[in-house]
Protein chains: 2
Amino acid sequence: MHSVKKVLLKPSYYDKWENFKISGWVSSNRGNNKMRFINLNDGSTVNNLQLVIKGEKFDFGLLDTVKIGAAIEVVGTLVATPSAPQPIELVVSEFKLLKNTEDFPIQNQEISLELLRELPHIRHRTNILRAAMLIRSTLAQEIHRYFIANDFYYMSSPIITSNDGEGAGETFNVDDNSKNPFFGGKKSTLGVTGQLHAESYAIGMKKVYTFAPTFRAEHSNTKKHAAEFWMVEPEVAFYDLNDVIHLADDMLKVVIRNTLAKNKFEFDFLVKHHDQELINRLNKFLDNELHIIDYKDAIAELAKVKDKFENKDIKFGLDLATEHERYISEQLFNGPVAVINFPKDFKAFYMYQNDDNKTVAAFDLLVPGIGELIGGSQREANYDKLLKRINELNIPADDLSWYLDLRKFGDSGSAGFGLGFERLVMYVTGVDNIRDVIPYPRTAGNIRM
Amino acid sequence: MHSVKKVLLKPSYYDKWENFKISGWVSSNRGNNKMRFINLNDGSTVNNLQLVIKGEKFDFGLLDTVKIGAAIEVVGTLVATPSAPQPIELVVSEFKLLKNTEDFPIQNQEISLELLRELPHIRHRTNILRAAMLIRSTLAQEIHRYFIANDFYYMSSPIITSNDGEGAGETFNVDDNSKNPFFGGKKSTLGVTGQLHAESYAIGMKKVYTFAPTFRAEHSNTKKHAAEFWMVEPEVAFYDLNDVIHLADDMLKVVIRNTLAKNKFEFDFLVKHHDQELINRLNKFLDNELHIIDYKDAIAELAKVKDKFENKDIKFGLDLATEHERYISEQLFNGPVAVINFPKDFKAFYMYQNDDNKTVAAFDLLVPGIGELIGGSQREANYDKLLKRINELNIPADDLSWYLDLRKFGDSGSAGFGLGFERLVMYVTGVDNIRDVIPYPRTAGNIRM
C-alpha cells in the first residue's frame with residue numbers, strides 16, 4: 001500500500017507507475033455515467049489523489065452512489081499531469097467500494113470549528129482539522145527525535161502524585177469506588193507537572209525530558225486553557241540559566257524547521273485558507289537569533305511606551321501580560337527573546353535565588369505573534385535557601401522532604417523548562433483555540449466521548 | 001561536555017584527547033595521599049570512567065573527603081589503556097568538587113531491590129536500576145522511531161474519559177474539590193486504554209498509534225500489576241488480523257534489536273550480574289520467525305501433554321494461563337507464536353466476529369520466557385453485529401454511540417494491538433517486578449513521592 005503524501009512530494013518520479021494500489025476515503029465524487037473523478041484522501045496529508053475512472057468495465061451506477069467519506073480501494077496507473085491543477089492522477093483499473101457512508105455529518109468544508117467540536121470523533125476528516133492534527137503529530141515526533149539525537153533520557157514522571165509541583169492547588173483528585181481508598185487515604189492527585197520527579201532523575205541521568213499529559217482543574221473557560229494537556233519538560237544537571245535558554249531556543253528552532261519541511265502541504269493549506277501570515281510569523285522566529293534581556297531592563301523599555309498598553313502600571317513587580325510580551329518580541333527585537341531574572345514573588349519556590357535577594361534565575365521565552373511559549377529556570381540547589389523559601393510560601397515541607405533531600409546527595413544544580421505542547425501546536429498552526437489542536441479536548445463541563 | 005558512553009564505545013579513537021571535560025557523580029574513590037582513582041558516572045551508561053589524579057597541584061586532603069554520589073567536574077587527557085581492565089582512563093589536570101554528599105543512602109550495590117523501592121528518587125543511581133531505566137528509555141524512544149519511520153500518526157487519546165474501553169470497570173474516578181463537579185456530573189474516569197479513540201483517528205489518518213499512561217484501580221498486589229502504566233496502541237485502517245500480527249512481530253523485533261545495540265553496556269551488566277540467560281532468551285525471539293496457530297489447534301496440542309500443567313482442564317473455552325503460553329512458545333515452537341481466533345466469551349466486545357459465531361479475530365503474541373507480550377485484534381466493522389454484542393454483554397450502548405457511529409461513516413475495518421510498555425521493559429531487562437522498571441510505581445496503598 002502506498003501513501004498519497006509520498007507520491008505527491010515527488011510527482012515527476014511516477015510517470016506511468018502501473019499497478020499502483022491505494023486505499024483511503026472519498027473526499028469528492030463528480031462526473032457522469034461515462035467518466036468519474038473521485039478525490040481520495042488517505043490521511044497522510046491534506047492533499048488528495050485524483051482518481052480517473054472511465055471505461056465499460058466499471059459500474060457507473062454504483063460509482064454514482066459513492067459518498068463523501070466512503071472507504072475505497074483502487075488499483076491503477078499513476079501518471080504525471082504537469083498541465084493539470086493536480087500534479088499526478090491515478091487512472092483506475094480496479095475499483096473496490098469497501099464501505100459507503102450513511103449521512104456523513106460533514107458534507108462540506110465550510111462547517112465552523114465550533115460545530116466541529118461537537119464531532120471530535122469525525123472532525124479530523126476535514127481539511128482544517130486534518131492539517132492541524134497532522135502538524136501536531138509531526139511536532140510531537142520531532143520533539144522526541146530532537147531529544148534522542150541529543151542523548152536525553154526519556155523520563156516517565158508519575159501521573160498520579162501526592163505532590164502538586166507548583167503549589168498551585170487547582171488539581172484533580174483521583175480515587176476508585178471501593179470502600180478502602182486506593183492509596184490508603186494519602187493525597188492522590190493528577191500531576192500538574194513532571195518537573196520535580198524529572199529533577200530527581202536529572203541527578204544521575206544528567207539530561208532528561210518528560211513528554212506526558214498534565215492536568216489542571218481550572219474552571220476558566222478561555223481559548224488557551226484545557227483541563228488536560230501535554231507538557232514537554234527537559235531537565236539537565238550541571239546546566240545553568242544560560243545553558244537552558246539556549247537549549248529551549250535550539251529545540252524549538254530544530255523542531256519547527258523539521259515540521260515545516262515534513263508538512264509542506266499542510267502549511268500550504270493553512271496559509272491559503274486560514275492564516276496568510278503564518279509562515280512569515282514563524283520565519284521571524286526561525287531566522288532571528290535569540291536575544292536575552294533582563295526583566296528590569298524590559299520593564300524600563302516598556303515604561304517608555306506605557307501608553308501603548310491597557311495595563312499602563314509598568315514597574316518592577318509587574319507580571320507581564322501578553323500585550324507586554326508581544327511588544328518586547330515584536331517591536332523591541334522583532335524575533336525571539338528570553339526575559340530573565342524575574343521578581344521571585346510571582347515565580348515558583350524551586351527557582352534559583354539570585355544574589356539580589358529579589359529575583360530568581362527564571363526565563364520566559366517570548367516569540368513574535370503569541371508571546372510566551374516556554375518558561376523555565378535554574379533550580380535552587382542550596383538546601384537551606386530552598387527550605388526557607390518553601391516555608392515563606394507556606395508550602396507543606398513534609399510533602400517535599402524527598403525533593404529537599406536531593407540537595408543533600410550530589411545535586412550541584414540543574415535547569416529545565418516547560419513547554420505546553422498544545423500552545424506550541426497553536427503557535428505553529430495559527431489555530432487559536434486549544435480545543436482545535438487536541439483530539440478530544442477536556443474543559444470545564446466538557447468530556448465529550 | 002562529553003559523554004562516558006560515547007568514549008567507552010570507541011576507546012581506541014581517543015588516545016591522548018587533551019582538555020577533555022566531563023561532569024558527573026562519583027561512584028567510587030580509592031587511593032592514598034599521592035594518587036587517587038575515582039570512578040565517575042555521568043548517567044549515559046552503567047559503566048564508569050576511571051579518573052587518575054596525581055601530582056602536587058591537587059589537594060589530597062579534599063580528595064579524600066569526596067564521597068560516593070558527589071557531583072564533580074574534571075578536565076584531563078583521555079588515554080587508551082588496552083592492558084588495564086578499563087579500556088580508557090582520564091588523567092586529570094583540573095578537579096572541581098561541585099557538591100559533596102551527606103550520608104548518601106546507597107553506600108553499596110548489594111542493597112536489595114525491595115529496599116531500593118523506598119528510595120524511588122535515588123535508586124536509579126545504582127547499577128541495576130540504572131541499567132533497567134536506561135533500557136526503558138531506549139525502548140520508548142525506539143518505539144517512537146519505529147512508528148515515525150513507518151509513517152504513523154502519533155495520536156493523543158484522552159486520559160480523562162467517560163468511556164471505559166474494555167468494560168472492565170476497575171477505573172479511577174477523577175474530580176476536583178469545587179462545589180460544582182468539574183465535568184458537570186458526567187462520568188469522568190482515567191482511561192484504561194486509548195484504543196477506542198485511536199480507532200476514530202485510524203479512520204481518516206489510516207495508521208495511528210498511541211503511547212501514553214493508562215490506569216487500572218486493581219487492588220491486587222502482584223509483581224505484574226501497577227495502577228499506572230504506559231501502553232503502546234497502534235491501530236491501522238484497512239488492516240486485518242494477519243496484517244496486524246506481522247506489524248506486532250516486526251515492531252518488537254526492530255525495537256529490541258536497536259535497543260540491544262544502543263545499550264550494550266547495560267545488557268553486559270545485566271547478563272553478568274542479574275540474568276545470565278537474558279540475551280539467549282531474547283535471541284530465541286529475535287532469530288526465529290513468527291508462527292501462527294489457531295487457538296483450537298493450540299488447545300489440541302496442550303491437551304496431549306495436559307499432565308505437565310497445574311491447570312489440566314484443557315478444552316475449548318480455556319483462558320490460557322502463563323504455563324500454557326510458555327509451553328506453546330518454548331516447547332512447541334521455540335520462538336514467537338501468535339495464537340489466533342479465541343473464544344469470544346473471554347475477549348472484548350469490539351473484536352471482529354468470525355463466521356463460526358464462536359470465536360473472534362483476536363491474537364495473543366507469546367514469546368519464550370514470559371508468555372503473552374501483546375494482545376490485539378481486528379475490529380468488528382459491522383454496526384449491527386457490534387451493537388448486538390454490546391447488548392449481549394450488557395454494556396451501556398448509549399456511552400458508545402459515538403463509537404458505533406464510526407461504523408456508519410466509511411469504517412471498512414481496522415486492526416490494532418496493545419503492548420503494556422512496562423511488560424516489555426521487564427521482558428527485555430529480565431527484571432521481574434513491575435515496581436523496578438518504572439521510576440515512581442503506583443500500586444494499591446503506594447503513592448510514594
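A salt bridge here means a side-chain nitrogen of Lys or Arg within 4 Å of a carboxyl oxygen of Asp or Glu. Keep that rule in mind; I will use it several times.

This is a predicted model: local features need pLDDT of at least 70, side-chain atom pairs count only at pLDDT 80 or more, and totals for chains, interfaces and linings use all residues. Residues are numbered from 1 along each chain as its sequence is written, chains are lettered from A and ligands numbered from 1 in the order in which they are written, and side-chain values use heavy atoms, with hydrogens and water left out.

Let me start inside chain A. It splits into domain 1, residues 4-99, and domain 2, residues 123-436. Those bounds come from an automatic or database domain assignment. Taken over C-alpha atoms, the centres of the two domains of chain A are 44 Å apart.

How do these domains touch? Contact means heavy atoms within 4.5 Å. By that rule, 11 residues of domain 1 of chain A meet nine residues of domain 2 of chain A. Together the two domains bury about 850 Å², with 56% of it on carbon and sulfur atoms. Buried area is the accessible area (1.4 Å probe) that two parts lose on being put together, summed over both. On the domain 1 side, Lys5(A), Thr45(A) and Val46(A) lose the most area to domain 2, together 51% of what that side buries.

How many salt bridges run between domain 1 and domain 2 of chain A? Zero. Polar contacts do turn up: five residue pairs, both at pLDDT 80 or more. A polar contact is a pair of N or O atoms within 3.5 Å; within protein, one must be able to donate a hydrogen and the other to accept it, and residues adjacent in sequence count only if both atoms are side-chain atoms.

Helix H1 of chain A, residues 4-9, gives the most to the domain 1 side of this contact, with three residues. Helices are DSSP runs (H or I, at least four residues), numbered from the N terminus.

Now the two chains. Chain B can be laid on chain A by a turn of 180° and a shift of 0.0 Å along the axis, with an RMSD of 0.0 Å. The superposition is by least squares on the C-alpha atoms of residues with pLDDT of at least 70 in both copies. The two copies are thus related as by a two-fold rotation axis. In chain B, the C-alpha nearest that axis belongs to Val174(B), 2.5 Å away. The same surface serves both copies: 100% of the contact residues of chain B recur in chain A.

Next, the interface itself. It takes 106 residues from chain B and 107 residues from chain A. The chains bury about 8400 Å² between them, 62% of it on carbon and sulfur atoms. In chain B, Phe182(B), Phe409(B) and Ile447(B) lose the most area to chain A, together 9% of what that side buries.

Which charged pairs cross over? The rule finds two salt bridges across this interface. The side chains of Lys6(A) and Asp151(B) meet in a salt bridge, at 2.7 Å, N to O. There are also 52 residue pairs in polar contact between the chains, both at pLDDT 80 or more. Helix H4 of chain B, residues 127-149, supplies the largest share of the chain B side, 10 residues.

Last, the whole structure. Over all chains, the search finds 54 salt bridges. In one of them, Arg117(A) pairs with Asp436(A), the closest N and O atoms being 2.8 Å apart. Those residues sit 319 residues apart: Arg117(A) is in the loop between helices H3 (113-116) and H4 (127-149) of chain A, and Asp436(A) is in the segment after helix H13 (421-429) of chain A.

Notes
Helix = DSSP H or I, 4+ residues; strand = E, 2+ residues; numbered from the N terminus.
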